[in-house]
Every structure is written in C-alpha cells, then in structure tokens.
Amino acid sequence: MEPSKALQRFIRFVMRDTLYHGKYSAEVQSQSDDDSLDLLPDDNRVRGNGLSRVPIRHGLPGVRVRVRVGSRVQLGFENGDPTQPYAALWEPGAIETIIFDNGTQPIARMGDTVTCFWPSGTFDGLLNGNEFHGTVMFGNTSPGIIDGGKDNVKA
C-alpha cells in the first residue's frame, strides 16, 4: 500500500530539520590559501551551486593539509546548521601535502635515503698518540640513511 500524498508531505515536513545532520559525499573543486575548500556535494538536496570556503576538520592540532582537486571527502554541518559546513573523513590518496606545526622543511622517515652535508675545518689534537695539526676536508655531500628518529613524529 502506497502512503498518501498528504502523509508523505507530513513526513517530509517533520523530517526537514534532520537534513543537515547527515554526512554527504562531496568532490573537492579547489582549495584556498587559508586551506578552506570549495566542494560539490553529490546529493542534490545540499548541493545548490556547491559550497565555498568550507573549513577542514581533521582533528589534529597544529597540522595543515593540502588536498588534491577531485578528491573525495565527507561533508557535514555543525549542529545541523546549513551555514556551518565542514569537510572531514577523506578517501585514500587525497592528501597532497601535510604540514606539521607550520614547518617548512621536509620530514624523512626511518629508512629513507637522505643527503648528508659534511663540514670541513681545522683539527688540532692527537692522532694515534702523535700530535697532529691540519685541515680535514670532506666531500660536499654524501648519501646517508636515517637510522633513528623521534617516536612521537611519524610521516
């Protein structure tokens, strides 16, 4: 038995406030310098012309992410408020760059090959029990492998 049109309208009226309590798949259209996103939701009920300047919520203090255009994310709304959208819960492969604590230097992982820079300088002291004075010269760079790191920083 099909519900009457009046009942359908009544149910839609009663449920209208729950629309923005769900999560919706969306595609990243672009990312601004402030890291906010322009999103195009899949669901026509929340799509409109897309959503602009949607903040990212990844739950990691001091961390910024840059994501690939075309990547997929879940769109939510703070307290069900359509004026407070946010992006979270990424699909694999979405991250382009992760920046920890406003850092500007790359992070190497244990086992990664790195380039080591060797200093040159004068040396005064004993070498095999004999007095030695001279200059020690190393090549500018050589490959190295990181064999340890901080346990609380992983990349």
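This tour moves through the structure one selection at a time.

**The whole chain.** Begin with the entire chain in a cartoon view, bearing in mind that the model is predicted. The chain contains two helices and eleven strands, and along the sequence these follow the pattern α-β-β-α-β-β-β-β-β-β-β-β-β. Now switch on the surface. The accessible surface comes to about 11600 Å², with 54% of that area belonging to carbon and sulfur atoms. Of the 155 residues in the chain, buried residues make up 20%.

**Helix α1.** Select residues 5-15, which form helix α1; F10 is found here. Then add L7, I11, F13, V14 and M15 to F10: together these residues make a nonpolar surface patch of about 590 Å².

**The five-stranded sheet.** Next, display the open sheet whose strands have the order β3-β2-β1-β5-β6, with antiparallel pairing. Its edge strands are β3 (51-54) and β6 (85-88), each of which pairs on one side only. On average, neighbouring strands of this sheet are turned by 45° against each other, direction ignored. Strands of a sheet pair through backbone hydrogen bonds.

Select strand β1 (residues 24-31) together with strand β5 (residues 72-77): the two run antiparallel and are joined by four bridges. Within this pair, A26 stands opposite V73 in β5. Moving on, β5 and β6 also pair in the antiparallel sense, over four bridges. Here G76 has Y86 in β6 as its bridge partner.

Stay with β6 and show its side chains. In a regular strand the side chains alternate between the two faces of the sheet. In β6, P85 and A87 point one way, whereas Y86 and A88 point the other way, and all are buried.

**The loop between β1 and β2.** Which residues does D35 touch, leaving aside its neighbours within four places in sequence? Select D35, in the loop between β1 and β2 (37-41), and the contacts appear: I56, R64, V65 and R66. D35 counts as buried because its relative accessibility is 11%, which lies under the 20% limit for that class.

The side chains of D35 and R66 also meet in a salt bridge, at 3.0 Å from N to O. This pair links distant parts of the chain, since R66 lies in strand β4 (residues 63-67), 31 residues from D35. R66 counts as partly exposed, at 22% relative accessibility.

Select D34 next. D34 forms a salt bridge with R53, and the closest N and O atoms are 2.8 Å apart. Because D34 lies in the loop between β1 and β2 and R53 in strand β3, the pair ties together parts that are 19 residues apart in sequence. With a relative accessible area of 47%, D34 is partly exposed.

**Further salt bridges.** The structure holds seven salt bridges. One joins D43 to R45, with 2.8 Å between the closest N and O atoms. D43 counts as partly exposed at 22% relative accessibility, while R45, at 55%, counts as exposed. Select D35, R64 and R66 as a group to see one network, joined by salt bridges that share partners.

**Strand β11.** Finish at S142, in strand β11 (residues 141-145). Beyond its neighbours within four places in sequence, S142 is in contact with V114, T115, C116 and W118. Draw a distance between the C-alpha atoms of S142 and W118: they are 8.0 Å apart in space, although the two residues are 24 apart in sequence. Is S142 buried or partly exposed? At 23% relative accessibility, S142 counts as partly exposed.

Methods: Residues numbered from 1 in each chain as written. Predicted model: local features only at pLDDT ≥ 70, side-chain atom pairs only at ≥ 80, totals over all residues. Heavy atoms only, no water. Buried < 20%, exposed > 50% of the residue type's maximum accessible area, 1.4 Å probe, protein only. Areas by Shrake-Rupley, 256 points an atom, 1.4 Å probe, with all protein chains shown as cover. Pairing = 2+ DSSP bridges. Axes fitted to C-alpha atoms, helices over the stretch in contact; angles between N-to-C directions. Patch = residues over 30% accessible without salt bridge, like charges linked within 9 Å, V, L, I, M, F, W, Y side chains within 5 Å. Salt bridge = Lys/Arg side-chain N within 4 Å of Asp/Glu carboxyl O. Contact = heavy atoms within 4.5 Å.
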